[in-house]
Amino acid sequence: MNSTPANKSGFKSFPRNFWTAIVMEFFERGSYYGVMSVLSVYLVTSVGDGGLGFSKEGVGVIKSTITPLLYLLPILSGALADRFGYRRTLMMAFTVMSAGYFFTSLSSSYVLVFMSLILMAIGAGFFKPVISGTIARVTDEGNSGLGFGIFYWSINLGAFIFPLILVPFLKGIGWNYIFIMAAVGTGSMLLLNLFVYKEPPRPANTKPLAEVLKGILLVLKDYRFVLMIVIYSGFWILYFQMFDTILWYLTDYMDMTPVNNAINSFLGLFVSNPSWKFEAEHVTVVNAGAIIALQLLVSSIVKKTPALPTMITGIALGTLGMGILAISTYAWVFVAGLIIFSIGEMTAHPKFISYIGLIAPPDKKALYLGYSFLYGVIGSGIGGILGATLYVKFVDGMGRPGLLWFIFSMIGVATIIGLLLYNRYLKPRQ
């Protein structure tokens with residue numbers, strides 16, 4: 001049961017808790033993507049230039065630890081939230097998350113930064129299932145589609161606005177202020193949780209942790225499902241380069257003057273002598289902005305197409321976007337590669353979620369969808385270390401960035417071939 005009024009429609013059909021959850025999601029994701037848009041650059045930038053001077057391999061280890069945590073923890077944290085309450089879980093999540101960001105702003109040693117970012121990841125991992133669970137509990141069949149659409153937009157809006165507006169301003173003052181911003185952005189949500197958010201109705205029978213762990217074994221015994229996750233994670237190895245190797249490449253190799261001139265010419269219509277520059281944080285802005293602008297169009301185009309072939313098409317577009325980076329260092333080619341990759345992402349991923357629902361046993365669809373995000377565990381776990389290792393070898397060592405992007409493009413091709421073979425020989429009968 002939920003409290004959504006039956007006689008209302010559209011935006012008016014959502015209760016206060018829905019909008020509270022949306023605001024929480026916006027600030028949490030904005031804080032997260034604001035930090036992630038520059039984290040890998042900050043960590044490797046020399047101390048003299050305001051960074052921490054870590055090695056790229058060391059940063060790869062950090063990213064291959066904290067990001068998988070974000071995708072793995074919701075398996076347990078969702079069950080804990082059902083048992084102990086959403087408000088309590090949010091209290092813990094925002095406290096730990098905010099502390100992680102704040103301690104990162106104060107830390108300069110590798111170990112302390114690593115530990116602080118793990119705190120952040122733990123808080124974010126506990127936050128994830130609570131907000132999506134809240135949306136599910138305060139919507140019904142009549143408005144859940146719109147509700148989750150707004151939820152998805154709030155994620156990308158945060159990922160667009162924070163890196164576009166706040167990060168460049170704060171970076172000009174000092175890199176550590178970006179982490180303070182994230183600490184304030186997430187910590188302030190404690191007030192919303194205390195005074196506005198209401199505990200939604202919980203199911204009468206909540207799953208004990210033993211049953212959650214039993215569910216893991218049940219899902220992992222389905223080799224078709226596991227193989228699909230493993231193959232699809234190849235695409236996400238490419239995706240997570242958006243927060244690591246692509247940022248280093250932009251900083252080390254790209255001359256974005258043509259883009260800067262075009263943007264400043266436009267801004268000159270409104271302000272005098274604009275001096276906007278395309279920097280690392282704007283990679284996230286391009287990705288999120290493309291999704292905000294094009295997701296509805298792309299979804300309408302592919303809404304009736306078969307899931308697996310559409311996934312393959314999306315991954316092919318993403319692979320093309322990555323491959324474009326190998327052919328030229330011209331600024332607009334770089335931006336085109338990012339946009340094409342983003343179109344591939346928004347084509348493939350919604351259909352992946354749909355496909356998991358199709359191949360899951362009828363009585364276990366929710367269970368399978370819950371574990372489908374393991375693609376992020378594998379993709380980020382491999383992507384961080386692999387990207388850093390290849391970048392050091394082929395870009396720093398050999399001065400051949402094109403070879404780096406070619407290798408990642410081949411991972412995309414291998415993913416496509418894997419899905420084609422899966423579709424041919426292992427696709428379950430529907």
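**Close-up views of a helical chain and its salt bridges**

**Figure 1. E28 and R29 pair through their side chains in a salt bridge, with N and O 2.6 Å apart.** Welcome to the first close-up of this predicted model. Both partners are tucked away: E28 is buried, and R29 is buried too. The pair belongs to a set of five salt bridges in the structure. Side chains of opposite charge can pair when their charged atoms come close.

**Figure 2. A salt bridge joins K56 to D396.** Here the closest N and O atoms sit 3.2 Å apart. K56 belongs to helix 3 (residues 56-72) and D396 to helix 18 (residues 374-397), so this contact ties together parts of the chain that are 340 residues apart in sequence. Is K56 buried or exposed? With a relative accessibility of 16%, K56 counts as buried, because the cut-off for buried is under 20%. D396, in turn, has a relative accessible area of 42% and is therefore partly exposed.

**Figure 3. E281 and K171 meet in a salt bridge between two helices.** Their closest N and O atoms are 2.9 Å apart. E281 is part of helix 14 (residues 281-302), while K171 is part of helix 7 (residues 144-173). The pair thus links distant parts of the chain, 110 residues apart. Take a look at how covered the partners are: E281 is buried, at a relative accessible area of 0%, and K171 is also buried, at 17%.

**Figure 4. K171 and E281 belong to a network of salt bridges that also takes in E279.** Which residues should you look for in this view? They are K171, E279 and E281, linked to one another in the network.

**Figure 5. The close-ups are set in a chain of 19 helices and zero strands.** Stepping back, the C-alpha atoms fill a box of roughly 60 × 55 × 45 Å along the principal axes. For 430 residues, a compact globule would have a radius of gyration near 22 Å, and the 21 Å of this chain agrees with that. Buried residues account for 53% of the 430 residues. Of the contacts with a separation of 6 or more, 82% are between residues 24 or more positions apart.

**Figure 6. The surface and charges of the chain complete the set.** The accessible surface is about 18900 Å², and 67% of this area belongs to carbon and sulfur atoms. The chain carries 29 positive and 18 negative charges, whose mean positions are 10 Å apart.

Terms used: Residues are numbered from 1 along each chain as its sequence is written. This is a predicted model: local features need pLDDT of at least 70, side-chain atom pairs count only at pLDDT 80 or more; totals for chains, interfaces and linings use all residues. Side-chain values use heavy atoms; hydrogens and water are left out. Helices (H or I, at least four residues) and strands (E, at least two) are DSSP runs, numbered from the N terminus. The radius of gyration is taken over C-alpha atoms; the globule rule is 2.2 Å times the number of residues to the power 0.38. Buried means under 20% relative accessible area, exposed over 50%, partly exposed in between (1.4 Å probe, protein chains only). Contact means heavy atoms within 4.5 Å. Accessible areas come from the Shrake-Rupley method with a 1.4 Å probe; for residues, only the protein chains shown count as cover. Lys and Arg count as positive and Asp and Glu as negative; His and the chain ends are not counted. The place of a charge is taken as NZ of Lys, CZ of Arg, CG of Asp or CD of Glu. A salt bridge is a side-chain nitrogen of Lys or Arg within 4 Å of a carboxyl oxygen of Asp or Glu.
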